[in-house]
Amino acid sequence: MSELKSGYLVEKSKRLVWARFNHYTAGEMRLLETYLSRINPRDPESSRVQFTLAEYKELLGLSNIDARNIKPQLDHFLGNVVTIEGTKNGAPAWAKYVLFTTATCDFFPDLGQYVITISCNPDLRSVFFNLAEDGYIRYRLRYTKDMKSQYSIRLYGMLRDWLPKGAYTVPIDRLRDELGATDSSYKRLDNFTRRALDPAVKEINGLSDLKVTYTKIKKGRSVTDICFKIKLKPPQKTIEVQAKEIPQEHGGEWFAEGMGADISPESAWKLALLVKDKLADLHPDIPADQHDNAAREILQRAYAALLPADKEPAPENPAGYLWSVLCRGAAIDEYLPVTYGKGLLG
C-alpha cells in the first residue's frame with residue numbers, strides 16, 4: 001500500500017472538473033483528490049484504492065473517529081451525489097450519480113491497523129479513466145491536499161482549466177453554482193465573496209502553484225461577472241540550475257529531428273532546455289532520464305501544430321515563436337504525450 005505522498009500526480013477529466021459537488025465537505029474533496037492521485041487513469045482496473053484509517057482521518061480532518069464509529073461518515077461520503085452536465089442529441093443534458101459505490105473497513109494484521117478500501121461507481125469509469133477523449137487537467141496533490149475549504153479545491157480545478165487563457169470572465173451566478181455555494185445567504189454578494197470566494201483565492205495563492213487575482217465587473221450598479229487573472233508562480237529552479245541537474249544526453253541535431261530546416265540544431269537545443277525546465281516545474285514526478293525524450297516529442301508535436309508548411313505569414317523567428325507559445329502557463333501539456341503522465345508512480 002502506498003503512503004500518503006503530496007508529490008503524487010492528480011489527473012482529472014474535464015467532466016469531473018466541472019461536475020457539481022454541492023454536498024461534499026472539504027475533507028471529502030481532499031479524499032477524492034487523493035483517490036485520483038492513486039489510480040492509473042488509463043487503467044480502469046486500478047479503480048480500487050486503499051487508505052489506512054490514519055490516512056483517511058488525516059485527509060478528512062477527523063480526530064474522534066475510529067473503526068467502531070466510522071460507518072456514518074462513510075455513509076455520508078458514499079451517499080453524496082454529483083451532477084455531471086453535457087449534451088445529448090445536440091441539447092444540454094445532465095445526470096446525477098454517486099461517485100463511489102463500495103467502501104470497506106478491514107483490519108490488516110501485517111500493518112497492525114485498519115484499512116479503508118473504496119471503489120468508484122462502475123457507471124462512471126469513463127469519467128475517471130477516459131482522459132484522452134474528454135480532456136483533462138493535471139497537477140501535484142500537494143497543491144490541494146492541505147486546503148481547508150471545499151471552495152478552494154473546486155476553484156483550483158476551474159482555474160487550472162482556464163490557465164492557458166491567462167484570464168477568464170465568468171457570470172457570478174454560474175460561479176456560485178460551480179463552486180457549490182448554493183446556500184441562500186450566498187445570493188448576497190458580500191456574503192459570497194467574504195465566506196467563499198476570498199478564502200478560496202487566499203488558500204490557492206498560499207498553498208498552490210497558481211497566482212490568482214480577480215475583479216468584479218458591473219453592469220449598471222450590479223456586479224454581474226467575475227474576471228479572474230491566472231498565472232503559474234515562477235519556478236523555483238532557474239534553467240541554468242536545471243541544466244546542471246539533468247545532464248544533456250543529446251545534441252541539437254537530435255532535438256531538431258522532426259522539425260523543419262527553419263529550426264537550427266542550436267535553436268532546438270536551447271528550446272529543449274527551456275521545455276525541460278517547464279517539465280521539471282509542472283511535472284516533477286516525471287523521471288529526469290525521460291526529460292530529453294519528452295522535450296523532443298513536445299517540440300515535434302508543437303512544431304507540427306504551430307508551424308505547418310502552409311502557415312501564412314511564416315514567423316520571422318520560428319524558434320522564438322514556438323517558445324512564445326510553449327512558455328505560457330501549462331501550454332506544454334497540450335503537446336505532452338499521455339505516456340509521461342504518471343512519472344514515478346506505480
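The exercises below, each with a worked solution, concern a predicted model.

In this predicted model, local features need pLDDT of at least 70 and side-chain atom pairs count only at pLDDT 80 or more, while totals for chains, interfaces and linings use all residues. Residues are numbered from 1 along each chain as its sequence is written, and side-chain values use heavy atoms, with hydrogens and water left out.

**Exercise 1. Confidence**

State the average pLDDT of the protein, and find what contacts the model has for residues 236–247 and 342–346.

Solution. Begin with pLDDT, the predictor's confidence in each residue, from 0 to 100: the protein averages 85, and 92% of the residues score at least 70. Next, take residues 236–247, where the pLDDT is below 50 and where the model has 17 contacts beyond near neighbours in sequence; contact means heavy atoms within 4.5 Å. Finally, residues 342–346 stay under 50 in pLDDT, and for them the model has 16 contacts beyond four places in sequence.

**Exercise 2. The sheet containing S2, S5 and S6**

Determine the strand order of this open sheet, and identify which helices pack on it.

Solution. Helices (H or I, at least four residues) and strands (E, at least two) are DSSP runs, numbered from the N terminus, and two strands pair if DSSP finds at least two bridges between them. The order of the three strands is S2-S6-S5, with antiparallel pairing. Strand S2 (48–52) and S5 stand at the edges with a single partner strand each, so one side of each is left without a neighbour in the sheet. The twist from one strand to the next averages 20°, where axes are lines fitted to C-alpha atoms, for helices over the stretch in contact, and angles run from 0 to 180 degrees between N-to-C directions. Between S5 and strand S6 (residues 113–120), which run antiparallel, there are eight bridges, and the bridge partner of Thr102 in S6 is Ser119. Helix H2 (residues 26–38) lies across S2, S5 and S6 at about 120° to S2, whereas helix H4 (residues 71–79) touches S5 and S6, its direction making about 150° with that of S5.

**Exercise 3. The sheet containing S8, S9 and S10**

Repeat the analysis for this open sheet of three strands.

Solution. The order is S8-S10-S9, and the pairing is antiparallel. Strand S8 (167–171) and strand S9 (210–219) are at the edges, each with a single partner strand, so one side of each is left without a neighbour in the sheet. Neighbouring strands are turned by 25° against each other on average, direction ignored. Five bridges join S8 to strand S10 (residues 222–232), and Tyr168 stands opposite Phe228 in S10. Helix H8 (residues 172–179) packs on the sheet, touching S8 and S10, with its direction at about 95° to that of S8, and helix H9 (residues 189–207) lies across S9 and S10, running at about 155° to S9.

**Exercise 4. Aromatic pairs**

Classify the pairs Phe21–Tyr24 and Phe100–Phe128 by geometry.

Solution. Rings of Phe, Tyr and Trp (its six-membered ring) pair if their centres lie within 6.5 Å, and planes under 30 degrees apart count as stacked, over 60 as edge-to-face and the rest as tilted. The whole structure holds 16 aromatic pairs. Phe21 and Tyr24, at 5.2 Å centre to centre with 85° between the planes, are edge-to-face, while Phe100 and Phe128, at 6.0 Å and 55°, are tilted. Phe100 lies in strand S5 (residues 100–108) and Phe128 in helix H5 (residues 125–129), so the pair ties together parts that are 28 residues apart in sequence.
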